[in-house]
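Visitor: Please pick out one part of this model and take me through it closely. Then show me what the rest of the chain looks like around it.

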Amino acid sequence: PPSLLGIAVKDNIATVGSRTTCGSGILREYKSPFEAGVVRNLHLHDYAVRGKTNLDEFGMGSHSTHSFFGHVANAWPFNNLSAGGSSGGSAAAVASEQCSAALGTDTGGSVRLPAAYTGIVGFKPSYGTISRWGVVPYANSMDTVGIMASDVASIKEAFHKAKLHDPRDPTCISDKAWKRLQPQRNAAILKMDAKRRRMSEAHALNMVGVRIGVPLEYNISELEPGIRQAWRDCLGTLQDQGAVIVPVSLPNTKHALSAYYVLAPAEAASNLSKYDGVRYGTRDGLPDGSNGVLYSRTRGNGFGDEVKRRILLGSYTLSSEAVDNYFLKAQKVRRLVQRDFDRIFAAPNPLRQAEQFDLKDMDESIQMSSKLGPTQVDFIVCPTAPTLPPTLDDASKQTSVDTYMNDVLTVPASLAGIPAISVPFPIPEEFLSEGKPAFAGMQIIGQYATDSALITIAEIMVN
């Protein structure tokens, strides 16, 4: 019916009646007998699936160019530019007004990066908020179903209808637990200072007393001048609304990208082992045991180059000779990244025991607000991507390491499992480039389970 809200669904999220290919040749004919939990939740609230969207194969990529079905182009007039990845198809569908909202998956920035490149809003909720049942996994410990739309109001509406508890997903937070967490989170954020004006979800368009953290480590040399200036302007806008801008330090951020590209491929190698043409996947057509092999030809022909690269990397880091030096150390780095966020956020993380951070163990770059410890903030604001979207031709020439660098500002929030949202912000006229968009993605990051407050801050920013 016309009254139904149309959504697009990334093609690694199961739907009934259409193929779920994950952008891979090995699943090119696969039709799921069931639909994902998040799709079912949206169906119950009058959302209708308008179509499936292209993606980097199994969600592995930053430009949506690693797909069996061809690359994704940005929306007109930037159709020669990258749409970002891996949820580039969902972002392009929203940007070209083919749907009111779209579902994507975010493992290391795959919702936020395409949102920044296409000028829309992309939201990655707290890990476990939206059901992953029926979502083809890439890296289970980081995969999060995200929402993309042209405005924050549509994100807010879809999010509150998509986050129903799903008992089939053991990582999905129950409704009872969410209700117990939410008042605690909001109280910690909104009542931290008695002088603060209460910021309710009723669109109080001011930020008096809200502390916004600016991570010093995110001001990297690769940041383009136009994006750096847009970041300054964004912080100035928030300050004009009454926010307090506070420099903060996340010293382990510099190791986050390296840790991510050890952990994610390791989980992917395990998850993709089942696609052998026997249990799952399209067979190559040769009889079993032909030429002395059972399924190497099926996997060799079914997977693309980027997927093979990550399977090899993940298999090596999980091997007995490398697991201690790579995988286990990456897990320790991940914990340090989580601790960095817990230290700077005023709201405690409900999933972990409260910690006393010993001053002697803190990096010398961390500024102290008093002798009692470092300054704490309510939210972090930083760019989503260090550069504007490259042309598809330039993206195809990037090395794997160059491509991985696109995720440097989005990966830390994914490792920590905390919510983040990317909103478009205008670039000053003197920094505009011909053929490039006049906007940059600005990312707002909050403590775990502060999703609703984070969306409210995003509404204030765009208004």
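**From a pocket to a covered helix**

Guide: Start with the lining of the largest pocket: its residues divide into 12 nonpolar, 6 polar and 4 charged. Keep in mind that this is a predicted model. The space in the largest pocket is about 460 Å³. Of the 22 residues that line the largest pocket, five lie closest to its centre: Phe34, Gly134, Val135, Val136 and Pro137.

Now step back to the chain. It has 463 residues, and 58% of them count as buried. Its secondary structure comes to 14 helices and 12 strands. Take the contacts between residues at least 6 apart in sequence: 74% of these join residues at least 24 apart. The accessible surface is about 19,100 Å². Carbon and sulfur atoms hold 52% of that surface.

Here is the part for the close look: helix α2. It runs over residues 88-95 and is mostly covered. Of its 8 residues, 7 are buried. These are Gly88, Gly89, Ser90, Ala91, Ala92, Ala93 and Val94. An α-helix has 3.6 residues a turn, so residues three or four places apart point the same way. What covers the buried residues of α2? The cover includes four strands, β1 (5-10), β2 (47-53), β3 (101-106) and β5 (144-149), along with helix α3.

Next, look at the two ends of α2. Most residues other than glycine have a negative phi, and most peptide bonds are trans. Just after α2, glutamate 97 takes a positive phi of about 60 degrees. Before α2 comes the loop between β2 and α2, where proline 77 lies. The peptide bond from tryptophan 76 to proline 77 is cis, and its omega is near 10 degrees. Serine 86 lies in the loop between β2 and α2 as well. The peptide bond from glycine 85 to serine 86 is also cis, with omega near 5 degrees.

Now follow the cover to helix α3. It spans residues 112-118, and arginine 112 lies in it. Is arginine 112 buried or exposed? It is buried, because its relative accessible area is 0% and the cut-off for buried is under 20%. Its side chain reaches the backbone oxygen of threonine 410, at 3.1 Å. Leave out residues up to four places away in sequence, and arginine 112 touches Asp106, Gly122, Lys124, Thr384, Thr410, Ala413, Ser414, Ala420, Ser422 and Gln443. So threonine 410 appears twice: as a residue that arginine 112 touches, and as the owner of the oxygen that the arginine side chain reaches.

Two loop residues are worth a stop too. Cysteine 22 is found in the loop between β1 and α1 (37-43). Its phi is near 60 degrees, a positive value in a residue other than glycine. Cysteine 22 is buried, with a relative accessible area of 0%.

Alanine 449 sits in another loop, the one between β12 (439-446) and α14 (451-462). It has a positive phi of about 70 degrees although it is not a glycine. Alanine 449 is buried, because its relative accessible area is 0% and buried means under 20%.

Last, return to α2 on the screen. Find Gly88 to begin with, one of its buried residues. Then look for β1 and β3, which are among the elements that cover the helix's buried residues.

Definitions and conventions:
Residues numbered from 1 in each chain as written. Predicted model: local features only at pLDDT ≥ 70, side-chain atom pairs only at ≥ 80, totals over all residues. Heavy atoms only, no water. Buried < 20%, exposed > 50% of the residue type's maximum accessible area, 1.4 Å probe, protein only. Polar contact = N/O pair within 3.5 Å; in protein donor to acceptor, adjacent residues only side chain to side chain. Contact = heavy atoms within 4.5 Å. 1 Å grid on protein atoms, 1.4 Å probe; cavity = no way out; pocket = protein on both sides within 12 Å on 5 of 7 lines; lining within 4 Å. Points joined across faces, edges and corners; volume = space filled by probe spheres on them. Nonpolar A, V, L, I, M, F, W, Y, C, P; charged D, E, K, R; others polar. Areas by Shrake-Rupley, 256 points an atom, 1.4 Å probe, with all protein chains shown as cover.
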